[in-house]
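Student: I have a new model open and don't know where to begin. Can you walk me through it?

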Amino acid sequence: MRRLLTLAVAACICGQAHADPDDFRCFVSIGHQPPIRLEIEFTNANAGYVTYEHGHGRIPVALTDDKSAPSPRDRPGEATMRWREDATVGAGGEYVMTSEGARVADFRYIRNKDGKIFRFEEDLQASGENACTWNK
């Protein structure tokens, strides 16, 4: 049942429950100058990668927690998913995404070393055909 729920949440967030070149989201930081831009790519319901605009490659992430709340009448359901970075690649941290249906309501990164929270909003203008396209 939990596996089925995870796939359903991934389908809402990604549009499909299997790996697909279109299973990605683009984000830009809120209140940070210069802005931090990142792409989160879902390779399946339990794993993916995060790529930063000026980063040094893809950072593997794994789903560590997902919670879904039943939807009120005439509203999309709410889901919160936590993705943990592979700490061997960098300092490590956690991405927390709350969605209402296909809409991302909240996205944040919590840095392990000091607990600092970076808030992001979806950057629809950066969504390219198969990846995020950031203006240089």
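**A first tour**

Tutor: Start with alanine 47, which counts as partly exposed because its relative accessibility is 23%. Buried means under 20% relative accessible area, exposed over 50%, and partly exposed in between, with a 1.4 Å probe and protein chains only.

Student: Where is alanine 47 placed?

Tutor: Alanine 47 is in strand β3. Helices (H or I, at least four residues) and strands (E, at least two) are DSSP runs, numbered from the N terminus.

Student: And what does alanine 47 touch?

Tutor: Not counting residues up to four places away in sequence, alanine 47 touches Glu41, Phe42, Val61, Ala62 and Trp83. Contact means heavy atoms within 4.5 Å. Also, the C-alpha atoms of alanine 47 and proline 60 are 7.5 Å apart, with their positions 13 residues apart in sequence.

Student: Step back a bit. What kind of model is this, and how are residues numbered?

Tutor: This is a predicted model, with residues numbered from 1 along each chain as its sequence is written. Local features need pLDDT of at least 70, side-chain atom pairs count only at pLDDT 80 or more, totals for chains, interfaces and linings use all residues, and side-chain values use heavy atoms, with hydrogens and water left out.

Student: What is the mean pLDDT?

Tutor: The mean is 81, and 79% of the residues reach 70 or more. pLDDT is the predictor's confidence in each residue, from 0 to 100.

Student: Which elements have the lowest and highest mean?

Tutor: Helix α1 (residues 2-14) is lowest at 39, and β8 is highest at 96. Over residues 1-19 the pLDDT is below 50. That stretch still has 35 contacts in the model beyond near neighbours in sequence.

Student: How many helices and strands are there?

Tutor: There is 1 helix and there are 8 strands. Along the sequence the pattern reads α-β-β-β-β-β-β-β-β.

Student: How much of the protein is buried?

Tutor: Buried residues make up 38% of the 136 residues. In soluble globular proteins, nonpolar side chains tend to be buried together.

Student: So which residues have the most contacts inside the largest nonpolar core here?

Tutor: Leu38, Tyr52, Tyr95, Phe107 and Phe120, in a core of 19 residues. A nonpolar core is a set of buried Ala, Val, Leu, Ile, Met, Phe, Trp, Tyr and Cys residues joined through side-chain atoms within 4.5 Å. At least two core residues come from each of β2 (37-44), β3 (47-52), β4 (58-69), β5 (78-85), β6 (93-100), β7 (103-111) and β8. There is also a second, separate core of 5 residues, including Phe24, Ala126, Cys132 and Trp134.

Student: How many disulfides does it have?

Tutor: The count is 1 disulfide. It joins cysteine 26 to cysteine 132, with S to S at 2.0 Å. A disulfide is a pair of cysteine sulfur atoms within 2.5 Å.

Student: Why does the pair tie together parts that are apart in sequence?

Tutor: Cysteine 26 lies in strand β1 and cysteine 132 in the segment after β8 (117-122), so the tied parts are 106 residues apart in sequence.

Student: Are the two cysteines buried or exposed?

Tutor: Cysteine 26 is buried, at a relative accessible area of 0%. Cysteine 132 is buried too, at 10%.

Student: New topic: serine 29. Where is that?

Tutor: Serine 29 is in strand β1 (residues 24-29). It counts as buried because its relative accessibility is 9%. A polar atom of its side chain lies 2.8 Å from the backbone nitrogen of isoleucine 36.

Student: What lies in the loop between β1 and β2?

Tutor: Proline 34 lies there, and so does glycine 31. A cis peptide bond joins glutamine 33 and proline 34, with omega about -5 degrees. Glycine 31 counts as exposed, at 84% relative accessibility.

Student: Last one: which side chain makes a polar contact with the side chain of glutamate 94?

Tutor: That of arginine 82, at 2.8 Å. A polar contact is a pair of N or O atoms within 3.5 Å; within protein, one must be able to donate a hydrogen and the other to accept it, and residues adjacent in sequence count only if both atoms are side-chain atoms. Glutamate 94 lies in strand β6 and is buried, with a relative accessible area of 11%.
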